[in-house]
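Biologist: Got a minute to go through this one with me? I'd like to start with what's buried and work outwards from there.

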Amino acid sequence: MATDRDRRDVRSGRARGPKGARRPLPAGEQFFTPGATGLRKAVEARSATPMTFLFTQVPRWVTPAVLVALLLAGFAVSGWPGAVAVLPVLAFVGWLAYLSWPSLGVGGRVLRVAMLAFLLVLAADRFGAF
């Protein structure tokens, strides 16, 4: 009798069915935007590896803890070091907003834009724009 470990595809880590065939993704649970072309398709394809690493190899608490620590440092430290601390948070939130944009409603899109605008203003303030 084959175990789950025996059924795993060595290259992708995906489980295989009883006859060795790969199991398809459930309907509606796709990582890529259907029919995407150009920039969106390229960004989604290049984002698969970091997303997989962040959500499978790193403990769940690490990413939010690091982002909160950087954001708090951005609030607490004035000048360019505070702005530099906010920039990774801005990049991460922008990346997730871009990836989730097609599946969001109007309210979700407004919240993403408001969060990005807030982080941009915070970084600009720390760099001395105001």
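Biologist: So what share of the residues counts as buried?

Modeller: This is a predicted model, to be clear. Of the 130 residues in the protein, 22% count as buried.

Biologist: And the surface, how much of that belongs to carbon and sulfur?

Modeller: Carbon and sulfur atoms hold 67% of an accessible surface of about 9500 Å².

Biologist: OK, what about the fold? How many helices and strands?

Modeller: Five helices and zero strands. Reading from the N terminus, you get α-α-α-α-α.

Biologist: What part of the contacts comes from residues far apart in sequence?

Modeller: If you take contacts with a separation of 6 or more, 46% of them are between residues 24 or more positions apart.

Biologist: Back to the inside. Which residues make up the largest nonpolar core?

Modeller: There are eleven: Met 51, Leu 67, Val 86, Val 89, Leu 90, Phe 92, Trp 95, Leu 99, Leu 119, Leu 122 and Ala 123. Helix H4 (80-100) and helix H5 (106-127) are the elements that give two or more residues to this core.

Biologist: Which one gives the most?

Modeller: H4, with six residues.

Biologist: Leu 67 is on that list. Which residues of H3 are buried?

Modeller: Thr 63, Leu 67 and Gly 74 are the buried ones in H3. Looking down the helix axis, the buried residues of H3 sit within an arc of 25 degrees, so they line one face.

Biologist: And what's exposed on the other side of H3?

Modeller: Leu 72 and Ala 76 are exposed there.

Biologist: What covers the buried residues of H3?

Modeller: The cover includes helix H2 (38-57), H4 and H5.

Biologist: How far does H3 reach from end to end?

Modeller: H3 covers residues 62-76, so 15 residues, and its first and last C-alpha are 21 Å apart, close to the 21 Å expected at 1.5 Å a residue.

Biologist: Switching topic: how many aromatic pairs are there?

Modeller: Two. In one of them, the ring centres of Phe 75 and Phe 118 are 6.1 Å apart with the planes at 45 degrees, so that pair is tilted.

Biologist: Where do Phe 75 and Phe 118 lie?

Modeller: Phe 75 is in helix H3 and Phe 118 is in helix H5, so the pair ties together parts 43 residues apart in sequence.

Biologist: What's the relative accessible area of each ring's residue?

Modeller: Phe 75 comes out at 40%, which is partly exposed. Phe 118 is partly exposed too, at 41%.

Methods:
Residues numbered from 1 in each chain as written. Predicted model: local features only at pLDDT ≥ 70, side-chain atom pairs only at ≥ 80, totals over all residues. Heavy atoms only, no water. Core = buried A, V, L, I, M, F, W, Y, C linked by side-chain atoms within 4.5 Å. Buried < 20%, exposed > 50% of the residue type's maximum accessible area, 1.4 Å probe, protein only. Helix = DSSP H or I, 4+ residues; strand = E, 2+ residues; numbered from the N terminus. Contact = heavy atoms within 4.5 Å. Areas by Shrake-Rupley, 256 points an atom, 1.4 Å probe, with all protein chains shown as cover. Expected span 1.5 Å × (residues − 1). Arc of directions from axis to C-beta. Phe/Tyr/Trp six-rings, centres within 6.5 Å; stacked < 30°, edge-to-face > 60°.
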